[in-house]
Amino acid sequence: MDWKGLEGLLSGVNKYSTGFGRIWLSLVFVFRVLVFVVAAERVWSDEQKDFDCNTLMPGCANACYNHTFPISHIRLWALQLIFVTCPTFMVVMHVWYREDRERKYQAKHGEGARLYDNPGQKHGGLWWTYLLSLIFKTGIEILFLYLLHYLYANFNMPRKVSCDMWPCQHNVQCYIVRPTEKRIFTYFMVGASAVCVVLNVCEILYLLAMRVVRRSHYRSSSSRRVQREACGEPYCTECTDLPMTTYRSSNLTKELKPE
């Protein structure tokens, strides 16, 4: 694994994330990706090789293994990490698109011209991209948690499983190697995924709350500005509680001169 590339990618995504998003990224890359690469793959490396059944019937052990492990935990988690991290990179690509438009706009209208105040600021389309990426990540996390729970009841890893499907001629007992270790890693990955879901929900609520506050502040400022413009008296009693910062300095000087 290229750790410098991973660090650069993490730093690039962090620039456009909120506080909750930075915590989420750290949790994904440190407690999920690193654990997955360093430890989890080794724990499941003997999953099929040491899956022993008390039968010599050809094909029976493979049939029982396929029934017990319809989808490998490792492949399922790898697919989950891919789907969960892709929406985050969509935000980075949207910012790159904005920066490219900014460069083309400046090349056409001069260096001082600006199309965006800040290409990485979450306003307009970028805010919607960020919000949709959070919703998509949350949905993917919940979907994979449900799928893992559906395939392996209560995320359990039993020591012994029974199998009576064809080509087995009778009820066969099969034994999973190191079930306790596999169960611990399963609970760890499920717990990390659940924490990521909570962080995503908190970030969604934070974004919505901040947008409501900004809209409320914008409407309040617009209402005050319209009221000041409609009022012609500098010392109107109905406008004394309104801020005077929007008055132009020239008009304010003219109004304060004695008659």
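The following paragraphs describe the disulfides, the nonpolar cores and one buried loop residue of a predicted model. Because the model is predicted, local features need pLDDT of at least 70 and side-chain atom pairs count only at pLDDT 80 or more, whereas totals for chains, interfaces and linings use all residues. Residues are numbered from 1 along each chain as its sequence is written, and side-chain values use heavy atoms, with hydrogens and water left out.

A disulfide is a covalent bond between the sulfur atoms of two cysteines. With the criterion that the two cysteine sulfur atoms lie within 2.5 Å, a search of the whole structure returns three disulfides. Counting the bonded cysteines along the chain, their pairing follows the pattern 1-6, 2-5, 3-4.

Cysteine 53 is joined to cysteine 174 with the sulfur atoms 2.0 Å apart, and the 105 degrees about this S-S bond make the link right-handed. Since cysteine 53 lies in strand S1 (residues 52-53) and cysteine 174 in strand S3, the pair ties together parts that are 121 residues apart in sequence; here helices (H or I, at least four residues) and strands (E, at least two) are DSSP runs, numbered from the N terminus. Cysteine 53 counts as buried at 16% relative accessibility, and cysteine 174 is buried at 0%, where buried means under 20% relative accessible area, exposed over 50% and partly exposed in between, with a 1.4 Å probe and protein chains only.

The disulfide between cysteine 60 and cysteine 168 has an S to S distance of 1.8 Å, and its torsion of about 100 degrees makes this link right-handed. Cysteine 60 belongs to helix H3 and cysteine 168 to the loop between S2 and S3, so parts that are 108 residues apart in sequence are tied together. Cysteine 60 is buried with a relative accessible area of 0%, and cysteine 168 is buried at 8%.

In the pair of cysteine 64 and cysteine 163, the sulfur atoms are 2.3 Å apart, and the -90 degrees about the S-S bond make the link left-handed. This pair connects distant parts of the chain, with cysteine 64 in helix H3 and cysteine 163 in strand S2, 99 residues apart, and both cysteines are buried.

Cys64 reappears in the packing of the interior: of the 40 residues in the largest nonpolar core, Phe51 and Cys64 touch the most other members. Such a core is a set of buried Ala, Val, Leu, Ile, Met, Phe, Trp, Tyr and Cys residues joined through side-chain atoms within 4.5 Å. The elements giving two or more residues to this core include helix H2 (19-43), helix H3 (60-68) and strand S3 (172-175), and the largest share, 10 residues, comes from H2. Apart from its neighbours within four places in sequence, phenylalanine 51 has contacts (heavy atoms within 4.5 Å) with residues that include Cys64, Val161 and Cys174. A second, separate core of 11 residues has Tyr16, Val91, Leu134 and Leu207 among its members.

What does tyrosine 116 touch beyond residues up to four places away in sequence? This residue, which sits in the loop between H4 and H5 and counts as buried at 16% relative accessibility, touches Arg98, Arg101 and Glu102. Tyrosine 116 and arginine 101 are 15 residues apart in sequence, with 9.2 Å between their C-alpha atoms.
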